[in-house]
Amino acid sequence: MSKYNLTVGLDDRSYPIFIEDGILETVGADIAKRNIADRFVVISDDYVASLYGATLMASLKNAGVAAELISFPRGEASKNLQVFADLSSKLAQMGMDRKSGLIALGGGVTGDLTGFLAASYMRGIPFVQIPTTLLSQVDSSVGGKTGVDIPEGKNLVGAFYQPKAVYIDSAVLTTLPLEELLGGIAEVIKYGVIRDLEFYCFLERNLDAILGLQPAIIQEMIHTCCRIKAEVVAQDERESDLRRILNFGHTIGHAVEAASNFTLIHGHAVAIGMVAALRIAVSSGLCKRKEAGRVATLIHAFGLPTEIPEGMDAELIKSYMKSDKKSIGGSVFYVLPITIGDVIITNEVTEEQVDAVLVVRGEG
């Protein structure tokens, strides 16, 4: 089985990413040799903990790594300040100190929550990412974005805080529900559109193999996404310029996700947001209709939604867009494709263009 290793280059905050089938069973030995912390708390949601908690804890124990596991209720609804406070209290009650560390075992919610906890507890303790969903493996576990949601919007409270290492076990995807797998594929498509035409063509050619979780194809796909994100983050860690291209599909996508009261999973909302951005790019004369249609066709071919769900209030979506953390000085910024592999960041989108793409067409 193939192994992929790469590095997110951030000077003294650089860290490795390891991609390997079955790495969850051997990860303890690598964590032990890195001397990251004296002891660890593994943080996971209750569902992932039931699937993989025992495997990880055994791996850590076999390597002589002192660790305990705590969990929280599964789902985006747990990514809030109350759960953050509850977990903080548990760490204090367990006697965790500045020489302690955290391990995030789970998807994007777990990684974001654990990373923010690590950034804040004792004003910063080390943490490790072990992402278990495709979305977290290709996107949220890499780059150091951490945070929680508040009623006014998604990820509005958080910090940039890099992990010490990321361990990606592609084998765990076999237990991922199809809906969650497809949500991750939306982020995968994003990378091709914003940065890499060759990779985009790879996705078109290998659609069936990806949906069939063919190991070699899946590992190559994950590696390419991580490579692209690592390159972007190394150039712009705190999203002042280039890194904002990673928000393709997220301006409208985050707002749609919030307007659904988070009943729509993140990747599906991003898919809808990407199609909306493509339509704006076409109406702006930036992107050819045929090129935009090619991307929308691939999104649809993977079984992802392309339209805003029926009954969703366009004004509510717009209100979330204006409060989104990607807005600057009251201006909403959009990542718009020029062609597959090349995008621009602009706030020169008219209200009429936005209204046109927020027309309700879907059935949920």
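Select D11 first, in the loop between β1 (3-8) and β2 (15-20); helices (H or I, at least four residues) and strands (E, at least two) are DSSP runs, numbered from the N terminus. D11 is exposed, at 72% relative accessibility. The cut-offs are under 20% relative accessible area for buried, over 50% for exposed, and partly exposed in between, with a 1.4 Å probe and protein chains only. Now add A234: its C-alpha atom is 8.9 Å from that of D11, although the two residues are 223 apart along the chain.

This is a predicted model, in which local features need pLDDT of at least 70 and side-chain atom pairs count only at pLDDT 80 or more, while totals for chains, interfaces and linings use all residues. Residues are numbered from 1 along each chain as its sequence is written, and side-chain values use heavy atoms, with hydrogens and water left out.

Next, select residues 71-181, which UniProt lists in an unreviewed entry as "domain: 3-dehydroquinate synthase N-terminal". UniProt positions are given in the numbering used here, feature names are shortened, and annotations may be inferred rather than shown by experiment. This stretch is 33% helix and 28% strand, and its end C-alpha atoms are 22 Å apart.

Move to M122, in the loop between α4 (108-120) and β6 (127-131). Most residues other than glycine have a negative phi. M122 is not a glycine, yet its phi is positive, about 55°. M122 is partly exposed, with a relative accessible area of 35%. R123 is also found in the loop between α4 and β6, and its phi is positive too, near 65°. R123 is exposed, at 76% relative accessible area.

Then select S170, in the loop between β9 (166-168) and α6 (178-195). S170 is buried, with a relative accessible area of 7%. Show Q219 as well: the side chains of S170 and Q219 make a polar contact at 3.1 Å (a pair of N or O atoms within 3.5 Å; within protein, one must be able to donate a hydrogen and the other to accept it, and residues adjacent in sequence count only if both atoms are side-chain atoms).

Last, select D149, I150, P151, N261 and F262. The second largest pocket holds about 250 Å³ of space, and those five are the closest to its centre among the 13 residues that line it. A pocket is an open set of points on a 1 Å grid over the protein atoms alone, where a 1.4 Å probe fits, with protein on both sides within 12 Å along at least five of seven lines; lining residues have an atom within 4 Å of a point.

Methods. Points joined across faces, edges and corners; volume = space filled by probe spheres on them.
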